[in-house]
Amino acid sequence: MRPALAALLCLLAACSTAEKAGSVASTPARAAPPSWEADNPVKPLPVAPLGVAGELADLVPQVTPEKVRLGRWLFYDPRLSADGKVSCASCHEPSAGFSEREPVSTGVAGKKGTRKAPPVLNAAFPIYPVWFWDGRAGSLGEQAKGPMENPVEMGMTHSDIEGTLRSIRGYGRYFTEAFGDDRIQIDRIAGAIAAYEATRMSGNSAYDRWDAGDPKALDEPQRRGFRLFFGKAGCNQCHLGANLTDSRFHNLGVGWRQPAPGANPASGFADPGRAKVTGKPADTGAFKTPTLRDVSRRAPYMHDGSVATLRDTILLYDRGGNANPWLSPDVKPLHLTSAEVDALVAFLGALDGEGFLDEAPKSFPR
Ligand code: HEC
Ligand code: HEC
């Protein structure tokens, strides 16, 4: 894979030198690269930073530089939405760790959803491949098709999206580059976007450096927070592994409102969470544990954005969650001191990493 890529890059470089050397008349007609390639070139796959539990080159379906380039355009291209204004990046903002700084998402025509956009970081390396707050998608490629058809997100049908992209002549060559021919089809669209998402890796955080043996990477409050996180506070019961999530579903009571006497208790959750997918009453109000990587960049918190700050999330755990009939048995009052709460906040700040930032390409295929 790597040698083949190097050979390809050499070949491209050689071509362009030859082109410059040859006179206009003697060069066979080979159009100059379109202007929009300038700030979205084919680049070698990024190397996973410290703390990321895998390498892009090992992924199936294969992540290639050509798929990533195509996926990067598609991720930021608002023409994929019904009003031409919403792209994946509208809700998954790079500087917010590909999450957002709003309680819930706003999609086409200013329509509000009911859930917050989770971060898309290190998404290719989960413990279990379950996507969305309720785990209803089983792969990133499958996941990417959801928002396109969601009436309050991008508001298109899959055939609308295919039609839109087919009508933009410039896109065809990049489907050929990525998939071998210029057939524009929803699974390829989603596959290219998933390849781009896979490259959004965050690592080399203070915590990763400390974990790798640098004793100075964490300061004293952060070290105290670390001991609480993995000890007295028991956060690692659910926030574990390289992404600090078990990819499982738990009820913390977020979103719970005591229903009127005699009403169905489950109506206390406006959003039933995992129960909607499994049909099991026991999963009522349970949501997927989010990664805690770069968590400081995306307040407010939780599936409904109802918790304003990191300190407030820890106070929620400290009081043992919000009591409700389905509360996780792993959430109990913690009896933390104020200094311990601060230490946990400090430790969460040490999970801010690097390597994932990006910005929208300045121009798109036409
Ligand atoms: C209007 C806002 C909005 C747009 C546009 C949007 N998303 Fe999302 N995204 C969300 C919300 C909200 C969720 C959580 C939905 C849920 O759990 O039901 C989500 C969930 C996800 C997840 C799952 C993350 C996880 O940890 O489970 C991924 C991946 C994702 N979106 C990628 C994309 C891609 C790719 C696009 C473009 C094709 C896109 N999103 C467009 C708001 C948006
Ligand atoms: C029983 C499992 C469990 C335990 C224990 C747990 N968490 Fe969580 N955590 C979750 C789940 C599930 C969510 C999302 C809940 C929701 O949105 O309804 C979450 C959300 C969060 C968030 C918000 C992240 C975001 O992107 O919105 C933070 C911060 C957090 N937890 C930190 C902690 C800390 C610190 C501890 C220890 C004091 C802890 N968690 C203990 C399961 C757990």
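1. A quick definition to start: a residue counts as near a molecule if its C-beta atom, placed from the backbone, lies within 6 Å of it. Please also keep in mind that this is a predicted model.

2. With that cut-off, there are 27 residues around ligand 1, and Cys 88, Cys 91, Gly 107, Phe 132 and Pro 147 come nearest. Helix 3 (88-91), helix 4 (140-149) and helix 7 (186-198) are the elements that give two or more residues to this shell. Helix 4 supplies the largest share, five residues.

3. What is the make-up of the ligand 1 shell by class? You will find 16 nonpolar, six polar and five charged residues there.

4. Now to ligand 2, which has 26 residues around it. Those that come nearest are Cys 235, Cys 238, Val 254, Tyr 301 and His 303. Helix 11, spanning residues 310-318, gives the most to this shell, with four residues.

5. Sorted by class, the ligand 2 shell holds 16 nonpolar residues, along with eight polar and two charged ones.

6. Stepping back to the whole protein chain, you can divide it into domain 1 (33-198) and domain 2 (206-349). Their centres, taken over C-alpha atoms, are separated by 27 Å.

7. How many residues of each domain are in contact with the other? The count is 29 from domain 1 and 28 from domain 2. On the side of domain 1 that touches domain 2, the residues divide into 15 nonpolar, seven polar and seven charged.

Terms used:
Residues numbered from 1 in each chain as written. Chains lettered and ligands numbered in written order. Predicted model: local features only at pLDDT ≥ 70, side-chain atom pairs only at ≥ 80, totals over all residues. Nonpolar A, V, L, I, M, F, W, Y, C, P; charged D, E, K, R; others polar. Domains from an automatic or database assignment. Contact = placed C-beta atoms within 7 Å.
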